[in-house]
Amino acid sequence: MARRENRFQQGEKDDINSKLIAINRVTKVVKGGKTMRFSALIVAGDGQGRLGLGMGKAAEVSEAIKKATAIAKRNMISISTVGTTIPHEVIGVFGKGKVIMMPAEEGTGVIAGGPVRAVLEVVGIKDIRTKSIGTNNPINCVKATIDALKQLRTVEQVAALRGKTVEEILG
């Protein structure tokens, strides 16, 4: 842990960029009245296939964002990509939110809306088509998108799981 702190103290910059997706004002009713806090939802990624999601809550917006960013950087996962797109079509579900992702040819761009677009941009996917079905709640959309990205497998990974060669899988 000390080594990691020293790296940041020496001025080395981490190449992780984060995007703020949503800020919610939450209220708790207590005996003395209502206490207001803020909840922030952030996705962080390195643009090379790594992605993290963080949710932080604090009395001030800036503190909530800092907490969420730290949590997102701590909970990074790796995503399988093929060039600038995804290897195959996939459907991610979380709650009533459903996100369908389809690979696209180079030059297509990111065809996605709102929270789904933010997740795909930080992970580094440049060409993809998506459709969000069901709820448009940002938290559910982001978690459904991450669920879909976790399901992705490259041909090499599938071949290794089945104990076959890539040529046998592709036919």
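The following paragraphs describe the nonpolar cores, the salt bridges and a surface patch of a predicted model.

The largest nonpolar core contains 28 residues, and within this core Leu-51, Met-101, Leu-120 and Leu-149 touch the most other members. Two or more residues are contributed to this core by each of several elements, namely the strands S1, S2 (33-45), S3 (50-58) and S6 (97-103), together with the helices H3 (114-123) and H4 (138-150). A second core, separate from the largest one, consists of 5 residues, among them Ala-40, Ile-42, Ala-58 and Ala-64. In soluble globular proteins, nonpolar side chains tend to be buried together.

The surroundings of Leu-51 illustrate how one core member is packed. When neighbours within four places in sequence are set aside, Leu-51 is in contact with Val-43, Ala-44 and Gly-45, with Asn-75, Met-76, Ile-77 and Ile-79, with Val-119, Val-122 and Val-123, and with Ile-146 and Leu-149. Leu-149, which appears among these contacts of Leu-51, is also one of the residues that touch the most other members of the largest core.

Contacts were also examined for a residue of helix H2. Thr-69 is placed in this helix, which spans residues 61-74, and Thr-69 counts as buried because its relative accessibility is 14%, a value below the 20% cut-off. Apart from residues up to four places away in sequence, Thr-69 touches Ser-18 and Ile-42, and Ile-42 is itself included in the second core of 5 residues.

The structure holds 3 salt bridges. In one of them Glu-121 is paired with Lys-19, and the closest N and O atoms of this pair are 2.3 Å apart. Since Glu-121 belongs to helix H3 and Lys-19 to strand S1, the pair ties together parts that are separated by 102 residues in sequence. Both partners are classed as partly exposed, Glu-121 having a relative accessible area of 33% and Lys-19 a relative accessibility of 32%.

Glu-121 also forms a salt bridge with Arg-117, for which the closest N and O atoms lie 3.6 Å apart. Arg-117 and Glu-121 are both located in helix H3, where a spacing of 4 residues places them about one turn of the helix apart. Arg-117 is partly exposed, with a relative accessibility of 32%. Through shared partners, the salt bridges join Lys-19, Arg-117 and Glu-121 into one network.

A further salt bridge is found in helix H2, where the side chains of Glu-63 and Lys-66 meet at an N to O distance of 3.8 Å. These two residues are 3 residues apart, about one turn of the helix. Glu-63 counts as partly exposed at 34% relative accessibility, whereas Lys-66, with a relative accessible area of 55%, is exposed.

At the surface, Leu-20, Ile-23 and Val-61 make a nonpolar patch of about 210 Å². Leu-20 is found in strand S1, which comprises residues 17-30, and this residue is partly exposed, with a relative accessible area of 44%. Strand S1 thus recurs in several parts of this description, because the strand holds Lys-19 of the salt bridge to Glu-121, gives two or more residues to the largest core, and includes Leu-20 of the patch.

Conventions. Residues numbered from 1 in each chain as written. Predicted model: local features only at pLDDT ≥ 70, side-chain atom pairs only at ≥ 80, totals over all residues. Heavy atoms only, no water. Patch = residues over 30% accessible without salt bridge, like charges linked within 9 Å, V, L, I, M, F, W, Y side chains within 5 Å. Areas by Shrake-Rupley, 256 points an atom, 1.4 Å probe, with all protein chains shown as cover. Salt bridge = Lys/Arg side-chain N within 4 Å of Asp/Glu carboxyl O. Buried < 20%, exposed > 50% of the residue type's maximum accessible area, 1.4 Å probe, protein only. Contact = heavy atoms within 4.5 Å. Core = buried A, V, L, I, M, F, W, Y, C linked by side-chain atoms within 4.5 Å.
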